[in-house]
Amino acid sequence: MPRALIERAIEAAGWAPSPHGRQPWRFSIVESIERRSALADAMAVSWREQLALDGQDAETIELRLRKSRERMLDASLLIIPCLYLDELDRYPDPERQEAERLMAIQSFGAAIQNLLLSLQASGLDAGWMCAPLFCPDLVREELGLAEGLIPHAMIPVGYAAKEPVRRPRRTLDQLIVDWS
Ligand SMILES: Cc1cc2nc3c(=O)[nH]c(=O)nc-3n(C[C@H](O)[C@H](O)[C@H](O)COP(=O)(O)O)c2cc1C
């Protein structure tokens, strides 16, 4: 996997708009197969518990864990986008503080979309896995990330084996609810 393509994608992510230009995102790249395997093992412990809580049977749980692990190990590398809130503005009232946090998350999504578009333009394929959102402390600890970083997603990157099946999109008249 050419390093320059990943760097270009991270740079593209960095061009996303953000509240007060604070750029509330950082990225950890997990390339070595040993680290990816260790991360999959660590997350499996948490996910197994959560799926059991949902009442899923043991066979389904193990199948889902195996597929998730395969996605992590079959890719060339993983990008872990982390939300970074420490440099946001501080407000005395919880409403504005929450709006500030939401703006950061909105811009974080825009950054990830830039990342995905850049990867695609480079001829690579990527997915969006939400697993770290459900066990951010565990992922931070496993990857040795700094305290303020909140792992929010996992982007496996590689070369697509085949064209994916895409869900149909809503039509324009469903998307535009008013134009007056
Ligand atoms: C915030 C977010 C979280 C997602 N989490 C997952 C995930 O955990 N596993 C997964 O397979 N896809 C995940 N996806 C990807 C979508 O399920 C879907 O694959 C993506 O929208 C592309 O497919 P589409 O073109 O059919 O919409 C996530 C997407 C987003 C935006």
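# Exercises on a predicted model

The largest nonpolar core of this predicted model has 33 residues, and those with the most contacts inside it are L78, I80, L115 and I155.

## Exercise 1: the core

Find which elements give two or more residues to the largest nonpolar core, and which of them gives the largest share.

Solution. Begin with the elements that give two or more residues to this core, which are the helices α1 (3-14), α2 (33-53), α4 (94-121) and α5 (136-143), together with the strands β1 (25-30), β2, β4 (149-151) and β5. Next, look for the largest share, which comes from α4 with seven residues. Then take I80, one of the residues with the most contacts inside the core, and list what I80 touches once residues up to four places away in sequence are left out: F27, S28, V30, P132, V139, L143, P151 and M154. As a background remark, nonpolar side chains in soluble globular proteins tend to be buried together.

## Exercise 2: the strand β5

Determine which strands pair with β5, and in which sense.

Solution. Start with β2 (residues 77-84), which pairs with β5 (residues 155-158) in the antiparallel sense over three bridges. Then turn to β3 (residues 125-126), which also pairs with β5 in the antiparallel sense, over two bridges. Finally, look at V157 in β5, which is the bridge partner of L77 and is likewise the bridge partner of A126.

## Exercise 3: two helix crossings

Describe how α2 and α5 lie relative to each other, and then describe the crossing of α1 and α4.

Solution. For the pair α2 and α5, the axes come within 10 Å and cross at roughly 155 degrees. Angles over 145 degrees count as roughly antiparallel, and α2 and α5 are therefore roughly antiparallel to each other. The handedness of this crossing of α2 and α5 is right-handed. At the residue level, A38, L39, A42, M43 and S46 in α2 meet L138, V139, E142 and L143 in α5.

For the pair α1 and α4, the axes come within 7 Å and cross at roughly 145 degrees, and α1 passes α4 in a right-handed crossing. Here R8, A9, I10, A12 and A13 in α1 meet A111, I112, N114, L115, L117, S118 and L119 in α4.

## Exercise 4: buried or exposed?

Decide whether E141 and S32 are buried or exposed, and locate each of them in the chain.

Solution. First place E141, which lies in helix α5. The limit for an exposed residue is 12 or fewer other C-beta atoms within 10 Å, and E141, with 11 C-beta neighbours inside 10 Å, therefore counts as exposed. From E141 to A42 there are 99 residues in sequence, but the C-alpha atoms of the two are 9.8 Å apart in space.

Now place S32, which is in the loop between β1 and α2. Because S32 has 9 other C-beta atoms within 10 Å, S32 is exposed. The C-alpha atoms of S32 and V177 are separated by 47 Å, with the two positions 145 residues apart along the chain.

## Exercise 5: the whole chain

State how many helices and strands the chain has, and in what pattern they follow one another.

Solution. The chain has six helices and five strands, and when read along the sequence they follow the pattern α-β-α-α-β-α-β-α-β-β-α. For the extent of the chain, the C-alpha trace spans about 50 × 40 × 40 Å along its principal axes. Of the 180 residues, 24% count as buried, and among contacts between residues at least 6 apart in sequence, 78% join residues at least 24 apart.

Conventions:
Residues numbered from 1 in each chain as written. Predicted model: local features only at pLDDT ≥ 70, side-chain atom pairs only at ≥ 80, totals over all residues. Pairing = 2+ DSSP bridges. Helix = DSSP H or I, 4+ residues; strand = E, 2+ residues; numbered from the N terminus. Core = buried A, V, L, I, M, F, W, Y, C linked by C-beta atoms within 7 Å. Buried ≥ 20, exposed ≤ 12 C-beta atoms within 10 Å, placed from the backbone. Contact = placed C-beta atoms within 7 Å. Axes fitted to C-alpha atoms, helices over the stretch in contact; angles between N-to-C directions. Parallel < 35°, antiparallel > 145°, perpendicular 65-115°, else oblique. Left-handed = near helix turned anticlockwise from the far one by under 90°.
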